[in-house]
Amino acid sequence: MNIEDIFDDLPSLKTNRIILRRLTLEDVNDVFEYACEPEVAIYTLWEHHKSIDDTLTFLSFMVKKYEEKQVADWGIVLKESNKLIGTGGFMWWSPKNASAEVGYALSKKYWNQGIMTEALNEIVKFGFDKMKLNRIEAKTRVENIASQSVLKKAGMTFEGIMREQLFTKGDYRDFMIFSILRKEYIERTRES
């Protein structure tokens with residue numbers, strides 16, 4: 001399986017409340033609305049957006065990734081309002097090792113409503129069903145309790161702490177790593 005086979009035409013995914021779809025430059029206002037919030041970006045690798053130009057730069061980067069058939073995020077859109085409220089998807093993918101890493105961000109207005117768990121469950125399903133992954137992992141800052149909860153609800157297991165793993169936002173940061181294996185995903189889907 002090649003990355004281009006999947007990301008040549010990244011499909012939209014649908015759940016009860018959301019649609020995961022490609023980002024476009026027309027999403028600039030919705031993305032800026034949440035990406036400008038320092039609280040949203042506090043645990044991410046990116047700084048909060050200070051201007052609409054920051055958001056346009058991000059969206060242009062994502063559109064280019066789609067055009068080049070690279071691993072890229074989906075936009076998270078509420079079905080009822082068609083409002084884009086976050087992003088989620090794969091950060092990298094190693095087809096040779098059948099493993100990939102997921103990441104996500106969500107507007108503060110929609111925290112604690114189960115939306116990110118719903119999106120992550122669909123992304124994980126896509127990873128195992130379409131990308132034929134054996135392992136999906138995610139990293140989160142040790143301080144990010146909410147993200148740890150989302151990962152656990154998506155069936156991921158805590159593996160350990162990578163001490164001072166990344167230099168970001170002016171300091172070396174500890175990251176927790178979580179993962180789910182294909183066999184665990186299959187068992188989990190049988191139980192539900």
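Trainee: Which residue follows helix H6, and what is the sign of its phi?

Mentor: H6 is followed by glycine 155, and the phi of this glycine is positive, near 90°. H6 spans residues 145-153, and it is called a helix because the name is given to DSSP runs of H or I with at least four residues, while strands are E runs of at least two, both numbered from the N terminus. This is a predicted model, in which local features need pLDDT of at least 70, side-chain atom pairs count only at pLDDT 80 or more, and totals for chains, interfaces and linings use all residues. Residues are numbered from 1 along each chain as its sequence is written, and side-chain values use heavy atoms, with hydrogens and water left out.

Trainee: Which residues of H6 are buried, and why are they said to line one face of the helix?

Mentor: Ser147, Gln148, Val150 and Leu151 are buried, which means under 20% relative accessible area with a 1.4 Å probe and protein chains only, whereas exposed means over 50% and partly exposed lies in between. Seen down the axis of H6, the buried residues fall within an arc of 160°, taken from the directions from the axis to the C-beta atoms, so they line one face. The face turned away from them carries the exposed residues Ile145, Lys152 and Lys153.

Trainee: What covers the buried residues of H6?

Mentor: The cover, judged by contact (heavy atoms within 4.5 Å), includes strand E5 (99-106), H5, strand E6 (135-141) and strand E8 (171-181). H6 lies across E5, E6 and E8, running at about 165° to E6.

Trainee: Why are E1 and E7 said to stand at the edges of the sheet?

Mentor: Eight strands form an open, mixed sheet in the order E1-E2-E3-E4-E5-E6-E8-E7, where strands pair if DSSP finds at least two bridges between them. E1 (13-14) and E7 (157-168) each have a single partner strand, so one side of each is left without a neighbour in the sheet. E7 and E8 share eight bridges in the antiparallel sense, and in E8 isoleucine 177 is the bridge partner of glycine 160.

Trainee: Why does glutamate 101 count as buried or exposed, and what does its side chain join?

Mentor: Glutamate 101, which lies in strand E5, has 8% relative accessibility and therefore counts as buried. Its side chain is joined to that of tryptophan 92 by a polar contact of 2.7 Å, inside the limit of 3.5 Å for a pair of N or O atoms of which one can donate a hydrogen and the other accept it; for residues adjacent in sequence, both must be side-chain atoms.

How values were computed
Axes fitted to C-alpha atoms, helices over the stretch in contact; angles between N-to-C directions.
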